[in-house]
Each structure stands twice: as C-alpha cells, then as structure tokens.
Amino acid sequence: MSSRTRARGRKAAGVHTVRIPRQRGRRSSQPFIVVVPEQPSLTREAFGFVGRMLWRFRGALAPTGLAVLALAVTAILHTIAWWSALLLAPVAAGPVLWLGFLHARRPGRGATLRWRIAATVAATFGFGWMALAAGFGPFAGPLEQVWLVGLIVAQAAWLFVRRSL
C-alpha cells in the first residue's frame, strides 16, 4: 500500500480499519477498499423518518394513497392510451347497478341503506373521475381541483368512519 493511501498518525473520529486477507490466486491483483460511512446523511435520515411515519399511519392514510395511485394511473393511461376512458366510463355505472341489484335482493333500511348509498356515491364519483382523467388528462380543466376536493372529503370521512368500523 502506498504512503498516500495509508492513514498516518491519528484517525478521524468514526473511522475503522478493516483488514482484508490476501487474495489467493493472482498475486498481482490489488486489494480493494470498501468505504462505508459511519453516519447516514441528513437526506437519508429525513426520508427514513417520513417513510417510517407513512408506514406507521398507513391505515389512516389509505384514501390518500389510493388517490395518489389513481392520479398516477390515470396520468399513465392518458399518456399511453387515451381511449381507455371509453373502457372506464361504463365502469362508473357499475356501483349504481350494484346498488339497484342489492336493494332488489336484500332491501336495507336505516343505517344500512345510508351506508350503501354513501359507498355507491363515492365509488361512482371515483370511477367517473378516473374515466374523465384518463380521457382528458388528470390536470385538465377542473379535474385537478375535483381530485383535490375528493381527496380531502374522502380523507376527512375516513378519519371518522374508521373509528366506528
């Protein structure tokens, strides 16, 4: 090892020497040095903190995760295949058909009917927005404001509903 790469005198704080045994086989091969920082960077610490908080409160943030996923999926669908909106449009009518079918087979009253109607409205709103966003783009016209308002309403409702489930 040359004198330029070898540390002389005292070492800096947090620096450790790792001895690598001589390699067998080719005698002329140089040993390699692996440098591992003792302390992670501030950026890594910040991302680690945010990641741990998101993982810890993942149940409470479920609507936010679904909304961001829907935004990304519709942006990709709009970029790759705008005609996918024509396939998603009939899906938006699915929850209404489900409510009609379910009410005909098992009529609900009171709280059950209110829950079914709320779920139908939320699913119809979400699928309708996805169809429009896939066709026109998620940031076209008022679609981004509709997405943001829908996200805020869904997250606020989820924080109250989650406790009662």
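Biologist: Which relative accessible area counts as buried in this predicted model?

Modeller: Three classes are used, and exposed residues have a relative accessible area over 50%. Partly exposed residues lie in between, and buried means under 20%.

Biologist: Is Thr74 buried or exposed?

Modeller: Thr74 is found in helix H2, which covers residues 62-80. The cut-off for a buried residue is under 20% relative accessible area. Thr74 is therefore placed by its relative accessible area of 0%, and the class is buried.

Biologist: Which backbone oxygen does the side chain of Thr74 reach?

Modeller: A polar contact requires a pair of N or O atoms within 3.5 Å. The side chain of Thr74 meets its partner at 3.0 Å, and that partner is the backbone oxygen of Leu71.

Biologist: Which residues does Thr74 touch, not counting residues up to four places away in sequence?

Modeller: Contact here means heavy atoms within 4.5 Å. With residues up to four places away in sequence left out, the residues touched by Thr74 are Trp129, Met130, Ala133, Ala134 and Pro138.

Biologist: Which elements give two or more residues to the largest nonpolar core?

Modeller: The largest nonpolar core has 9 residues, namely Ala67, Ala70, Leu71, Trp129, Met130, Ala133, Leu143, Trp147 and Leu151. The elements that give two or more residues to this core are H2, helix H5 (111-136) and helix H6 (143-164).

Biologist: Which residues does Trp147 touch, not counting residues up to four places away in sequence?

Modeller: Trp147 is listed in the largest nonpolar core, as are Ala67, Leu71 and Trp129. Leaving out residues up to four places away in sequence, Trp147 touches Ala67, Val68, Leu71 and Trp129.

Biologist: How many residues does H5 give to the lining of the second largest pocket?

Modeller: The second largest pocket holds about 900 Å³ of space. Of the 24 residues that line this pocket, the closest to its centre are Pro63, Ala122, Ala123, Gly150 and Ala154. H2, H5 and H6 each supply at least two residues of the lining. H5 gives the most, and its contribution is 10 residues.

Biologist: How many helices and strands does the chain have?

Modeller: Read along the sequence, the pattern is α-α-α-α-α-α. The secondary structure of the chain accordingly comes to 6 helices and 0 strands.

Biologist: What percentage of the accessible surface of the chain belongs to carbon and sulfur atoms?

Modeller: Of the 165 residues of the chain, 17% count as buried. The accessible surface of the chain comes to about 13600 Å², and the part that belongs to carbon and sulfur atoms is 68%.

Note on methods. Residues numbered from 1 in each chain as written. Predicted model: local features only at pLDDT ≥ 70, side-chain atom pairs only at ≥ 80, totals over all residues. Heavy atoms only, no water. Helix = DSSP H or I, 4+ residues; strand = E, 2+ residues; numbered from the N terminus. Buried < 20%, exposed > 50% of the residue type's maximum accessible area, 1.4 Å probe, protein only. Polar contact = N/O pair within 3.5 Å; in protein donor to acceptor, adjacent residues only side chain to side chain. Core = buried A, V, L, I, M, F, W, Y, C linked by side-chain atoms within 4.5 Å. Areas by Shrake-Rupley, 256 points an atom, 1.4 Å probe, with all protein chains shown as cover. 1 Å grid on protein atoms, 1.4 Å probe; cavity = no way out; pocket = protein on both sides within 12 Å on 5 of 7 lines; lining within 4 Å. Points joined across faces, edges and corners; volume = space filled by probe spheres on them.
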